[in-house]
Amino acid sequence: AGPATLQVGPIGMNVAEHAVTLDGEPVGLTVTEFRLLHTLMRDAGKVVPTRQLLKRVWGYDDPTGTDVVRVTVHRLRRKLKDDAVEPKVLHTIPGVGVMLKAKATEQEAPR
């Protein structure tokens with residue numbers, strides 16, 4: 001089951017209340033988006049293979065189901081205000097899976 005609350009960078013999750021916050025502000029997610037985010041937050045910092053996501057979030061193992069993962073990650077990225085071109089939180093590793101990694105933007109040196 002894991003912990004009742006998770007925090008990865010600016011994203012907070014209260015599993016019991018099915019609530020997600022970004023920088024303390026509530027974020028409205030669908031059940032599927034919540035499950036995907038929960039799975040990624042539990043394995044934060046590690047790449048979760050696409051097929052494993054399909055099994056854990058959608059309940060099936062179908063190698064052709066990668067589009068549903070991609071689309072849901074895209075929607076989640078939009079709701080978490082993550083930049084698709086230079087993502088800070090949701091990193092898609094093509095052909096492998098997805099990783100939730102929070103970079104500390106305040107500590108980053110300007111380019």
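**Salt bridges, sheet and helix packing**

Q: How far apart, N to O, are the side chains of aspartate 61 and lysine 55 in their salt bridge?
A: To count as a salt bridge, a side-chain nitrogen of Lys or Arg has to sit within 4 Å of a carboxyl oxygen of Asp or Glu. Aspartate 61 and lysine 55 make the cut, with an N to O distance of 3.5 Å.

Q: What kind of model is this?
A: Residues are numbered from 1 along each chain as its sequence is written, and side-chain values use heavy atoms, with hydrogens and water left out. Local features need pLDDT of at least 70, side-chain atom pairs count only at pLDDT 80 or more, and totals for chains, interfaces and linings use all residues, this being a predicted model.

Q: Is aspartate 61 buried, partly exposed or exposed?
A: Buried means under 20% relative accessible area, exposed means over 50%, and partly exposed is in between (1.4 Å probe, protein chains only). Aspartate 61 comes in at 37%, which makes it partly exposed.

Q: How many salt bridges does a search of the whole structure find?
A: The aspartate 61 and lysine 55 pair is a salt bridge, and so is the pair of lysine 79 and glutamate 33. Searching the whole structure turns up a total of 8.

Q: How many residues apart in sequence are the parts that lysine 79 and glutamate 33 tie together?
A: Their side chains meet in a salt bridge at 2.7 Å, N to O. Lysine 79 is in helix H3 (residues 66–79) and glutamate 33 is in helix H1, so the pair links parts separated in sequence by 46 residues.

Q: Which end of that bridge is buried, lysine 79 or glutamate 33?
A: Lysine 79 has a relative accessible area of 31%, so it is partly exposed. At 0%, the buried one is glutamate 33.

Q: Which residue forms a salt bridge with aspartate 43?
A: The closest N and O atoms of this pair are 3.0 Å apart, and the partner of aspartate 43 is arginine 56. Aspartate 43 sits in the loop between H1 and strand E5 (47–49) and arginine 56 in helix H2 (residues 50–58), so parts 13 residues apart in sequence get tied together. Aspartate 43 is buried at 15% relative accessible area, whereas 33% makes a partly exposed residue of arginine 56.

Q: Which residues are joined into one network by salt bridges that share partners?
A: Lysine 79 and glutamate 33 already form a salt bridge. With shared partners taken into account, the network consists of Glu33, Arg75 and Lys79.

Q: What order do the strands of the open sheet follow?
A: Strands are DSSP runs (E, at least two residues), as are helices (H or I, at least four), numbered from the N terminus. Two strands pair if DSSP finds at least two bridges between them. The pairing in this open sheet of 4 strands is antiparallel, and the order is E1-E2-E3-E4.

Q: Which strands are the edge strands?
A: An edge strand here pairs on one side only. That picks out strand E1 (5–8) and strand E4 (25–27).

Q: Which residue in E2 is the bridge partner of leucine 6?
A: E1 and strand E2 (residues 11–14) run antiparallel and are joined by 4 bridges. The E2 partner of leucine 6 is methionine 13.

Q: At about what angle does H1 run to E2?
A: Axes are lines fitted to C-alpha atoms, for helices over the stretch in contact (heavy atoms within 4.5 Å), and angles between N-to-C directions run from 0 to 180 degrees. H1 lies across E1, E2 and strand E3 (19–22), and its angle to E2 is about 110°.

Q: Are H1 and H3 roughly parallel, antiparallel, perpendicular or oblique to each other?
A: Angles under 35 degrees count as roughly parallel, over 145 as roughly antiparallel, 65 to 115 as roughly perpendicular and the rest as oblique. The two axes come within 10 Å and cross at roughly 85°. H1 and H3 are therefore roughly perpendicular.

Q: Which residues in H3 do Thr32, Glu33, Leu36 and Leu37 of H1 meet?
A: Glu33, Leu36 and Leu37 are among the buried residues of H1. On the H3 side, the residues met are Thr72, Val73, Arg75, Leu76 and Lys79.

Q: What is the approximate phi of lysine 81?
A: Lysine 81 is in the loop between H3 and E6, and at 71% relative accessibility it counts as exposed. Although lysine 81 is not a glycine, its phi is positive, at about 55°.
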